[in-house]
Amino acid sequence: AKILIANTPMDTDKIKIYGSRVRVDSMMKVAEIEEAEKDKMRNKCKKIIDHGITCFINRQLIYNFPEQIFTEAGVISIEHADFDGIERLAAVTGGEIASTFDKPEL
């Protein structure tokens, strides 16, 4: 198994706008914002999958949308692993805890 251990938010398929007000003139505009958020999550999941992994263990929650993407790609996802646990897992496997995924060759 090839495991990727991470500490990254995988919940951006939910729109998060803190302390802001967004005005739109139609529900279509809301749908466009939601689709843009989904595209960002699709791209993030693709970067993770491009590492050639079979198992993704994340310190934070993994929402349904990214979990579905991982499952369709044949990647097992484990969410909300405790911090001590992922630290020990990284030590045992000789790995590092990733927070960015742009360079799968590293």
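How far apart are the end C-alpha atoms of α1, and what should its 23 residues span at 1.5 Å a residue? The expected span, defined as 1.5 Å times one less than the number of residues in the helix, comes to 33 Å for α1, and its end C-alpha atoms are 33 Å apart, so the two values agree. This helix belongs to a predicted model, in which local features need pLDDT of at least 70 and side-chain atom pairs count only at pLDDT 80 or more, while totals for chains, interfaces and linings use all residues. Residues are numbered from 1 along each chain as its sequence is written, and side-chain values use heavy atoms, with hydrogens and water left out.

The overall plan can be followed along the chain. The protein has three helices and three strands, and these follow one another as β-α-β-α-β-α along the sequence. Here helices (H or I, at least four residues) and strands (E, at least two) are DSSP runs, numbered from the N terminus. Of the 106 residues, 28% count as buried, a word that stands for under 20% relative accessible area with a 1.4 Å probe and protein chains only. A contact means heavy atoms within 4.5 Å. Among contacts with a separation of 6 or more, 65% come from residues 24 or more positions apart.

The strands form an open sheet of three in the order β1-β2-β3, with parallel pairing. Its edge strands are β1 and β3, each of which pairs on one side only. Pairing requires that DSSP find at least two bridges between two strands. Strand β1 (residues 3–6) joins β2 through four bridges, with Ile5 having Ile57 as its bridge partner in β2. On the other pairing, β2 and β3 (residues 76–78) share three bridges, and Cys55 has Ile76 as its partner in β3. Helix α2 (residues 64–72) completes a right-handed β-α-β unit with β2 and β3; right-handed means that, with the strands pointing away from the viewer, the path from the first strand over the helix to the second runs clockwise.

Strand β2 (residues 55–58) has buried residues pointing both ways: Cys55 and Ile57 point one way, whereas Phe56 and Asn58 point the other way. Phe56 is among the residues with the most contacts inside the largest nonpolar core, alongside Leu4, Met10, Ile48 and Phe70; this core has 15 residues. Strand β1 and helices α1 (27–49) and α2 each supply at least two of them. Cys55 and Ile57, by contrast, appear with Ala81 and Ala90 in a second, separate core of six residues. A nonpolar core is a set of buried Ala, Val, Leu, Ile, Met, Phe, Trp, Tyr and Cys residues joined through side-chain atoms within 4.5 Å.

Helix α1 can now be viewed in these surroundings. Its buried residues are Glu37, Met41, Lys44, Cys45 and Ile48, and their cover includes β1, β2 and α2. Leaving aside neighbours within four places in sequence, Met10 is in contact with residues including Met41, Lys44, Cys45 and Ile48, as well as Phe56 and Phe70.

Finally, is Ser77, a residue of strand β3, buried or exposed? Ser77 is buried, because its relative accessible area is 19%. Not counting residues up to four places away in sequence, Ser77 touches Phe56, Ile62, Glu67 and Phe70.

Notes
Buried < 20%, exposed > 50% of the residue type's maximum accessible area, 1.4 Å probe, protein only.
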